[in-house]
Amino acid sequence: MSTQTSGTAARPEGRPVLVAVAWPYANGQPHLGHIAGAYLPADIFARYQRMAGNRVLMVSGSDAHGTPITVRADEEGVTPQEIVDRYHPEFLRIWSGLGISFDLFTTTRTKNHEATAQDVFTRLQAAGYIYPKETSQFFDPDAGRFLPDRYVVGTCPHCSYPQARGDQCENCGRTLDPELLIDPRSKVTGAVPETRQTTHFFLRLSGLSDQLLDWLQTRQGWRRHVLNWSVQFVKDGLHDRAITRDLDWGVPLPTDELGPGKRLYVWFEAVIGYLSASKEWAAGTDDPQAWRAWWEDPQASAYYFVGKDNIPFHTVIWPAMLLGYGGLNLPTDVPANQYVTFGGAKASKSAGIGRGVREYLDLLQPDALRFALASVLPEQNDTEISDADIVRRVNDELIANWGNLVNRVLAQINKFFGGELPATGELEGVHAELLASVDAGLVRVAELLGRVELRAALRAAMEISAEVNAYLYREEPWKTVKVDKDAAAHSLAVSVQAISGITTALAPFLPFSSARVAEVLGIDLDVWARQPVPAGRRLEWSGGLFTKLDADALGIEAPAGTEASA
């Protein structure tokens, strides 16, 4: 199965930072809700950490064993592997097109993942945290088969949502067991399922709850909705959960104690993918044990980027598994996002709400799409977005503020100074104050990015750009050049130095266009600092950074007041 390595390779200096990103089901292309919920935030954070000099390992992969894949395979009359083989390469194309800089994006179908998952099972079993128990499981009498949890739907006993799944309610986020559903029915045939006895392995979550609660109550800087929900979830009482199912698709058990026809259930083995992907990445380097730096070094940090429906698996179940396993680092933070909504409804691949990402990449520059989404990241609350919002944010904010600043300054240097950067001369007064403000802004943006307050960081970066625009309008070099060419040269040169700093601040958000500006200025985006652009440098500039969006091309009405040029 193909993998992807991209982005900046982990460097030998700096603190190890693991950026672990939710594993998407390989049953369809992602929509904007997925990108804004996990993948773009993770990439912004990883890019900043690399620029700050830390050793970043950003990993994820296609969840190949999720029930949605077998559901789709059943619907199409194909094998689950055919579904995975169709959509995994699609993920790789989208990550490349959008600039999501994974160090490794793999799948749960690798032998490495199988071995890692089996090792976790064996260690937990040896420690007494996995045990066999006879239990009842829903059976579809019409299909003649046991039903995985997601093959059972019904009404949620907590919020009365009528389309709750047997593993989790999408509406209220509660984890469920199928027998808790009201009026359950089979997703395969619609039949009312029967309960039949079978034996499964269970994870003894109840035996880990005290350790888990102690750990959760020491967490600092977590988003309030994540920490409060997680603590209450544990306080409500953790119940042991079955970690195997009667399936022929998934990771085989490392023991035949239960007989044939059993597999590790996806909710247990998929989260192990963060560890297995780290090992797979290391195996492709000259040091197969390199993964240990991110998993065993007490100075390392680990950030898990997921949507809010995945909170319990990453703040409760996976940490419990890590505690039971022993010797591996627990999450530093789980900055789970809320939902992105379209017309008031949660973006959903299964429900067909929200366009696929490739449709947008066919119409928009990747940085334009990244900017529009980053400006509305649902960090604390659900966020509404529409095509009209995207057009407005790109045209009236990105282009009108940052794009026009770069274009105006570089175009004037080419027009009035032959493309050669003038010297800044003596830096004092408003000129020195401007660059000091840019430097202070860079510090502020870094603080926000380090706390995973990404929307605020983007606003702070754009505020620096607005300040330089205001400076430029006060200086009016396009007018003063006619009467005082030295003054015009001075203000334009100072503006270029400011643009150098803003380019750094925006690089995690806008990697493609920032690389273009950096090339023109001759600066290095591998460091987090405003780098001086030497006087006399030839600033070759061929035109605008961004293309103004045409609402008609997107098939929507133009938002009111959209006016900007690239």
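Reader: Which strand holds Thr155?
Author: Happy to start there, with the reminder that this is a predicted model. Not counting residues up to four places away in sequence, Thr155 touches Ser160, Tyr161, Pro162, Ala164, Leu181 and Ile182. The strand that holds Thr155 is strand 6, residues 152-155.

Reader: Is Thr155 buried or exposed?
Author: The cut-off matters here, since buried means under 20% relative accessible area. Thr155 has a relative accessibility of 19%, so Thr155 counts as buried.

Reader: And Asp183, which has a positive phi: is that residue buried or exposed?
Author: Good one to look at! Asp183 is found in strand 8, residues 182-186, and has a positive phi of about 55° although it is not a glycine. Exposed means over 50% relative accessible area. With 59% relative accessibility, Asp183 counts as exposed.

Reader: Where is Glu476 found?
Author: Glu476 is not a glycine, yet it has a positive phi of about 50°. Its relative accessible area is 27%, so Glu476 is partly exposed. As for its place in the chain, Glu476 is found in the loop between helix 15 (454-475) and helix 16 (477-480).

Reader: Let's turn to the sheet. In what order do its four strands run?
Author: The sheet is open, and its pairing is parallel. The twist averages 20° from one strand to the next. The order of the strands is 3-2-1-13.

Reader: Which strands stand at the edges?
Author: An edge strand here has a single partner strand, so one of its sides is left without a neighbour in the sheet. That description fits strand 3 (104-107) and strand 13 (301-305).

Reader: Which residue of strand 3 stands opposite Ser60?
Author: Strand 2, residues 55-62, pairs with strand 3 in the parallel sense. Four bridges make up that pairing. Opposite Ser60, in strand 3, stands Phe105.

Reader: Phe105 is aromatic, so I'm curious: which residues form one aromatic cluster with Phe105?
Author: Your curiosity pays off, as Phe105 has a place in strand 3 opposite Ser60 and also belongs to an aromatic cluster. The other members of that cluster are Tyr39, Phe91, Trp95 and Phe102.

Reader: How many aromatic pairs does a search of the whole structure find?
Author: One of them is the pair of Phe45 and Tyr303, which is tilted, with 4.5 Å centre to centre and 50° between the planes. Both Phe45 and Tyr303 are buried. Phe45 is in helix 1 (residues 32-51) and Tyr303 in strand 13, 258 residues apart. The search of the whole structure finds 20 aromatic pairs.

Reader: What kind of pair do Tyr48 and Trp528 form?
Author: Tyr48 is buried, and so is Trp528. Tyr48 lies in helix 1 and Trp528 in the segment after helix 18 (511-521), so the pair ties together parts that are 480 residues apart in sequence. The ring centres are 5.0 Å apart and the planes stand at 90°, so the pair is edge-to-face.

Reader: Over which ring does the charged end of Arg516 sit?
Author: There are two such arrangements to show you. The charged end of Arg245 sits over the ring of Tyr265, 4.9 Å from its centre. For Arg516, the charged end is 4.3 Å from the centre of the ring it sits over, and that ring belongs to Trp541.

Reader: How many residues does the largest nonpolar core have?
Author: Val19, Phe268, Trp295, Met321 and Trp402 have the most contacts inside this core. Leaving aside neighbours within four places in sequence, Trp402 is in contact with residues including Met462, Ile499, Leu506 and Phe546. A second, separate core of 10 residues includes Val71, Leu147, Tyr151 and Cys156. The largest core has 172 residues.

Reader: How far apart in space are Val496 and Ala300?
Author: Val496 is found in helix 17, residues 485-506, and is buried, with a relative accessible area of 0%. Beyond residues up to four places away in sequence, Val496 touches Val409, Ile413, Leu421, Leu521, Val533 and Leu539. Ala300 is 196 residues from Val496 in sequence, and their C-alpha to C-alpha distance is 37 Å.

Reader: Last one: how many residues of helix 8 are buried?
Author: Helix 8 covers residues 273-283 and is mostly covered. Among its buried residues are Tyr274, Lys279, Glu280 and Trp281. Of the 11 residues in helix 8, the number buried is 10.

Key: Residues numbered from 1 in each chain as written. Predicted model: local features only at pLDDT ≥ 70, side-chain atom pairs only at ≥ 80, totals over all residues. Heavy atoms only, no water. Core = buried A, V, L, I, M, F, W, Y, C linked by side-chain atoms within 4.5 Å. Buried < 20%, exposed > 50% of the residue type's maximum accessible area, 1.4 Å probe, protein only. Contact = heavy atoms within 4.5 Å. Pairing = 2+ DSSP bridges. Helix = DSSP H or I, 4+ residues; strand = E, 2+ residues; numbered from the N terminus. Axes fitted to C-alpha atoms, helices over the stretch in contact; angles between N-to-C directions. Phe/Tyr/Trp six-rings, centres within 6.5 Å; stacked < 30°, edge-to-face > 60°. Lys NZ or Arg CZ within 6 Å of the ring centre and 35° of its normal.
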